[in-house]
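Student: I should be grateful for a close look at a single part of this structure. Please choose one part, set it in the context of the whole chain, and describe its surroundings residue by residue.

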Amino acid sequence: MLAAIGKPGATHHAFRRGGANHMRATGYSMEEIQARGRWRSLAGLQRYIKDVPRAQGCLHPQENGIGVEEDDEDFE
């Protein structure tokens, strides 16, 4: 089916990974994702989550002010 829509070589794991990462990016806890995706352990789930600070529970730079540059136009 995936080859028929132009995704040869893709597997259902791409949807599993994408869904888990989307849930994490939108604020779901690891435990909620684990339950929804029916992972038996957090270790199993963590293999699907991207290794990014947000996935590890860190805030996005815009949410905590780190790494956000001021817009010079606001000061003119």
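**A close look at α2**

Tutor: The chain exposes about 6300 Å², and carbon and sulfur atoms supply 53% of that area. The model is a predicted one. Of its 76 residues, 20% count as buried. The chain contains four helices and zero strands, so that the order of elements from the N terminus on reads α-α-α-α. Among contacts between residues at least 6 apart in sequence, 34% join residues at least 24 apart.

The part selected here is α2, which spans residues 30–37. Within this helix, Met30, Ile33, Gln34 and Gly37 are buried. These four residues lie on the same side of α2, because they cover an arc of only 100° around the axis. The face turned away from that buried side carries Ala35 and Arg36, both of which are exposed. The cover over the buried residues of α2 includes α1 and α3, the latter comprising residues 42–46. Just after α2, Arg38 adopts a positive phi of about 60°.

Two of the buried residues of α2, Met30 and Ile33, also belong to the largest nonpolar core. This core has eight residues; besides Met30 and Ile33, they are Ala20, Met23, Trp39, Leu45, Tyr48 and Ile49. Both α1, residues 12–25, and α2 supply at least two residues each to the core.

Ile33 merits separate attention. When its neighbours within four places in sequence are left aside, Ile33 contacts Ala20, Met23, Arg24, Tyr28, Trp39 and Leu45. Of these partners, Ala20, Met23, Trp39 and Leu45 are themselves members of the nonpolar core. Contacts of Ile33 with Arg24 and Tyr28 complete the list.

The aromatic members of the core lead to a further residue, Arg16. Arg16 lies over the face of Trp39, at 3.9 Å from the ring centre. Arg16 also lies over the face of Tyr48, at 5.4 Å from the ring centre. Trp39 is thus described by its place in the core, by its contact with Ile33 and by the position of Arg16 over its ring. As for pairing between aromatic rings, a search of the whole structure finds one such pair.

In summary, α2 has a buried side that includes Met30 and Ile33, covered in part by α1 and α3, and an opposite face with the exposed residues Ala35 and Arg36.

Methods
Residues numbered from 1 in each chain as written. Predicted model: local features only at pLDDT ≥ 70, side-chain atom pairs only at ≥ 80, totals over all residues. Heavy atoms only, no water. Core = buried A, V, L, I, M, F, W, Y, C linked by side-chain atoms within 4.5 Å. Buried < 20%, exposed > 50% of the residue type's maximum accessible area, 1.4 Å probe, protein only. Contact = heavy atoms within 4.5 Å. Phe/Tyr/Trp six-rings, centres within 6.5 Å; stacked < 30°, edge-to-face > 60°. Lys NZ or Arg CZ within 6 Å of the ring centre and 35° of its normal. Areas by Shrake-Rupley, 256 points an atom, 1.4 Å probe, with all protein chains shown as cover. Arc of directions from axis to C-beta.
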